[in-house]
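Welcome, and thanks for taking a look at this one. Below is a short tour, from whole chains down to single residues.

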Amino acid sequence: MRDIVEICDRLVELVGARAEAEASSSAGRSALTRFANSFIHQNVAGDHLGARLRVSVGGRVASVGTDRPDDAGLERLVERALAAAEMRAVDPEWPGLAPPAPAPRTHSYDEHTHYADPAQRAQVVRRFVDAGPELRGAGFCDSNGSLSAYANSLGQRLTGRTSSATIEAIHRTAASDGRGWQSSSRLSDIDGDAAGRTAAEKARRGDDLVDVEPGRYEVVLEPSCLANMLEFLRDGFNARTFEEGRSFVELGQAQLDRAVTIWDDATDPRAISRGFDGEGTPKRRVDLVDKGVPTALCHDRRTAAKAGTESTGHGLGGGHSGGIATNLFMAPGERRPEELVASVERGLLVTEFWYTRILDPKTQVVTGLTRNGTFLIEGGQVVGGVPNLRFTQSYVDALRAGNVLGVGNDARLFDGTYHVPTIRLASWNFTGGAKG
Amino acid sequence: MFDLAEAAVEGALAAGATYADARAMVTSTEGLSARNGVLEGLSQNESAGVGVRALIGSSWGFFATPDPSVAAARAAGEQAAAVARASGLVAGPPMQLADVGAAQDHWDSGWDEHPFEVSLSERGDLLVNVTGTMKAVDGVGVASAYMHAWDTRKWFVSSQGHRISQHLVECGASMEATAVGETETQRRSYGGIGGIWGTRGYEMIRGADLAGNAQRVGEEAVQLLGAPECPSGTTDLILGREQLALQIHESVGHAIELDRILGWEAAFAGTSFLELGQLGTMRYGSELMNITADATLPGALGSFGYDDEGTPAQRVDIVKDGVWVGVLSGRDSAHAAGLPPGGMVRGEGWNRLPMVRMTNVGLLPGESSLEEIIAATDDGIYMETNRSWSIDDKRLNFQFGCEVGYEVKNGTLGRMLRNPTYTGITPRFWASLDMLGGPDEWVFWGTPNCGKGQPQQYGHTGHPAVPGRFRGVRVGVRGR
């Protein structure tokens with residue numbers, strides 16, 4: 001298949017002086033091994049190769065894409081882009097293309113993961129399943145690799161590469177499910193046995209269910225829950241959302257607890273990212289919350305131009321999405337997760353949130369359910385599993401001053417995007433359960 | 001393109017697959033979006049490739065390539081078999097397929113006006129105008145609108161002799177206005193999730209009258225900011241037909257997917273509260289509840305000629321007079337359950353493994369009009385247009401938020417209510433259905449973004465629906 005750098009250069013060359021042009025191209029392989037009822041039932045892999053072209057003809061902007069980047073396909077792409085741009089009105093806020101600038105080095109590529117053999121993923125699954133021989137295992141192990149290139153008519157030319165691997169899976173008893181997961185840029189880091197033991201232990205521990213009434217409970221939320229919270233909260237730090245008045249963020253105000261410090265940093269060795277965004281802007285670290293005080297926003301070129309600042313390298317490439325944080329970190333605390341549980345007199349330990357939906361971006365009220373391991377804590381001890389509960393809770397209120405009672409020292413990468421710890425909160429609003 | 005699919009199947013068989021099939025596909029998509037009276041996004045994409053499934057033992061192996069050469073397609077078939085063989089390290093009982101005839105056919109979805117043949121300027125002007133109208137309403141902070149169209153050609157070949165080509169044209173449009181208040185935002189939309197989407201041409205968007213609804217949508221968004229909050233309690237709930245479409249999708253459509261019932265989706269999408277032993281006897285809802293999965297409805301978003309396993313589109317009874325009688329299935333899941341194959345397996349594109357998908361899962365109409373339902377209600381709330389949706393992994397406990405609610409007192413629609421939500425348990429909720437809109441109210445809503453599977457795929461599903469009344473429902477669940 002065609003080289004992605006050559007594709008980008010060719011597209012910019014074909015546009016020539018007729019327009020400002022930026023071209024991006026990516027190629028890679030995605031593979032995922034899926035299992036249920038303790039055996040592999042779906043095992044998929046595929047190669048991809050695609051190219052996108054955005055042109056601006058005097059501020060008339062259009063974007064087109066293809067996954068057929070042969071000579072004829074590229075020529076057709078250019079003509080389609082120019083024809084589409086001619087149909088457009090001038091965009092008064094067109095910020096122009098990214099100027100030439102080097103991108104920071106990132107650390108998230110492993111060739112062995114990119115080209116991993118299906119037998120390697122099957123081995124990870126084997127170890128996960130073997131960790132719960134009397135249980136039913138279900139989930140997936142994936143391995144992915146991607147190479148990307150960017151070029152524009154101002155001379156900006158960049159390349160990047162990433163890889164990732166994950167196991168996310170459950171063990172099941174007749175009455176309960178328990179989850180284990182690991183995420184890394186390297187498949188060799190993924191320990192199927194450790195993830196399987198975690199899942200099996202949770203499933204067994206939850207098998208003896210204790211019913212609790214909905215209401216407000218103190219909670220210890222494991223890292224995947226906090227990752228889910230940041231998935232919604234990050235929209236508030238998008239400069240576009242902020243500018244439109246839809247964000248909860250009040251810059252400079254002590255909105256959150258002092259224990260909450262959040263930043264975005266693609267250059268951290270623990271992150272999975274290339275060094276530039278979809279607009280060819282080098283990525284830079286943005287400190288979003290410092291000891292409970294929101295301090296900055298993420299920008300793309302459009303929001304930055306409007307705000308009189310520089311893009312932070314968080315554009316997706318379409319030019320209208322604003323700045324989206326994709327490598328979020330929350331500062332860990334000093335206490336082990338077991339200590340956080342031990343300090344709860346009566347409350348709930350939650351493994352995972354599920355099917356969360358936001359009711360309003362400004363209040364950050366979200367409804368969702370617990371899943372794959374919810375436990376009752378009494379006297380600092382886990383005393384049994386709890387059926388899944390529904391909650392309706394403002395994520396901003398959950399992190400307000402006084403509600404954060406402790407932060408764990410166990411921060412780790414979830415979903416390739418969120419590096420987050422366990423957290424203990426004074427109150428969480430559970431509004432329903434399996435009985436209604 | 002048949003030659004690519006054939007080469008892929010041959011490659012898989014030569015590498016040891018006991019069964020193989022392949023889809024070559026060419027898809028063109030176009031999306032337009034406008035914001036605050038300005039055309040903001042214009043995106044066009046072409047995608048082509050071939051994906052091949054190989055069955056060995058207990059597992060499917062799947063490999064996809066964008067390389068449009070016969071050699072690459074054959075190599076993809078060999079890769080698919082190799083991937084399937086690797087599954088043998090964690091093997092289960094052999095997977096088998098329910099029998100279907102080996103069709104050789106062509107099918108076109110049909111359209112009056114192909115969306116790509118309507119000029120970009122005409123389509124763009126529509127979005128610019130409706131967002132301009134909404135934004136001009138005092139108090140509207142953001143007005144947005146978008147439309148999307150797909151032109152998909154498929155060539156399917158199987159090792160059992162299938163040879164089917166299809167051409168589908170789909171499109172849809174949506175618009176929304178957001179009013180920004182001191183402490184919260186309010187949204188009103190037209191179309192969107194569960195909205196104006198179909199396997200039809202641009203004539204559907206013309207008929208939807210976005211322009212005629214833009215002013216109302218903007219005004220209602222602003223009115224909501226000043227409306228009283230939906231009260232908390234238990235009351236009679238009347239759902240508009242668009243919201244009922246979403247209710248069907250979440251609390252019926254996913255629950256009846258046979259792969260979920262068999263545990264194949266347990267780790268992500270989840271399982272189901274339904275158990276196969278209850279099929280034919282379990283009461284799903286009141287006697288007014290009649291649900292079908294019908295892939296033959298002309299123009300509905302979940303319609304097609306053949307599914308992605310080559311099984312002909314069909315109509316299947318799912319709930320009859322309130323009793324659960326049917327499932328959504330494919331050849332593998334149907335064989336495992338000892339049921340006839342439903343022809344409900346589709347993949348998002350050439351690079352995704354097909355899986356059980358809703359077709360047009362909808363409610364057959366009753367006898368009442370919305371006006372009659374309201375007139376027959378002494379004390380209740382009418383809710384319209386979905387704003388948020390959440391349901392547990394067994395499809396039992398749900399909580400939905402709507403954009404707007406209205407008090408119903410003594411048979412009359414009263415004050416507007418903001419932040420209306422309701423929650424319930426699936427069979428209990430459907431058992432409380434006691435009035436249903438009639439044939440005149442029947443609309444084929446579409447959902448273009450149904451997520452399922454790993455890697456996640458987005459499916460196009462249809463949901464015929466009418467308004468309905470449910471007794472004694474918990475409403476007004478709050479988070480603050």
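Of the contacts in chain B with a separation of 6 or more, what percentage do residues 24 or more positions apart account for? The share is 76%. Please keep in mind that this is a predicted model.

**The two chains**

Here are some overall values for each chain, with the table giving the secondary structure, box and burial.

| Chain | Helices and strands | Box along the principal axes | Buried residues |
|---|---|---|---|
| Chain A | 10 helices, 19 strands | about 70 × 50 × 40 Å | 63% of 436 residues |
| Chain B | 10 helices, 22 strands | roughly 70 × 55 × 40 Å | 65% of 480 residues |

Chain A has a radius of gyration of 24 Å, close to the 22 Å from the globule rule for 436 residues, so chain A is as compact as a globular protein of that length. For chain B, the radius of gyration is 23 Å, which agrees with the value near 23 Å for a compact globule of 480 residues. In chain A, contacts between residues at least 6 apart in sequence join residues at least 24 apart in 72% of cases.

**Strand β1 of chain A and its partners**

Let us turn to one strand in chain A. Strand β1 of chain A covers residues 20-36, and 14 of its 17 residues are buried, which leaves the strand mostly covered. On one pairing, β1(A) runs antiparallel to β2(A) over 17 bridges. Within that pairing, A:S24 sits opposite A:R52 of β2(A). The hairpin formed by β1(A) and β2(A) has two residues between the strands, and A:N37 in this hairpin adopts a positive phi near 50°.

β1(A) also pairs with strand β4 of chain A (residues 136-152), again in the antiparallel sense, and this pairing has 14 bridges. Here A:R34 faces A:F140 in β4(A).

**Where the chains meet**

How many residues does the contact take from chain B, and how many from chain A? Chain B gives 67 residues and chain A gives 74 residues. On the chain B side, strand β2 of chain B (residues 38-56) supplies the largest share, with 11 residues. Sorted by class, that side of chain B holds 28 nonpolar, 30 polar and nine charged residues.

Strand pairing also crosses from one chain to the other. Strand β2 of chain A (residues 39-57) pairs with strand β3 of chain B (residues 59-65) in the parallel sense, over five bridges. In this arrangement, A:G46 is opposite B:A64 of β3(B). β2(A) therefore has a partner in chain B over five bridges, and another in β1(A), where the sense is antiparallel.

**The nonpolar core**

In soluble globular proteins, nonpolar side chains tend to be buried together. In this model, the largest nonpolar core has 286 residues. Which residues of this core touch the most other members? They are A:L11, B:A8, B:V50 and B:V52. Strand β5 of chain B (residues 140-158) provides the largest share of the core, with 11 residues.

B:V52 is a good residue to pick out in your viewer. Leaving aside residues up to four places away in sequence, B:V52 touches B:A8, B:V9, B:A12, B:A20, B:A22, B:F62, B:F63, B:A76, B:G77 and B:A80.

Technical notes. Residues numbered from 1 in each chain as written. Chains lettered and ligands numbered in written order. Predicted model: local features only at pLDDT ≥ 70, side-chain atom pairs only at ≥ 80, totals over all residues. Contact = placed C-beta atoms within 7 Å. Helix = DSSP H or I, 4+ residues; strand = E, 2+ residues; numbered from the N terminus. Nonpolar A, V, L, I, M, F, W, Y, C, P; charged D, E, K, R; others polar. Pairing = 2+ DSSP bridges. Rg over C-alpha atoms; globule rule 2.2 N^0.38 Å. Buried ≥ 20, exposed ≤ 12 C-beta atoms within 10 Å, placed from the backbone. Core = buried A, V, L, I, M, F, W, Y, C linked by C-beta atoms within 7 Å.
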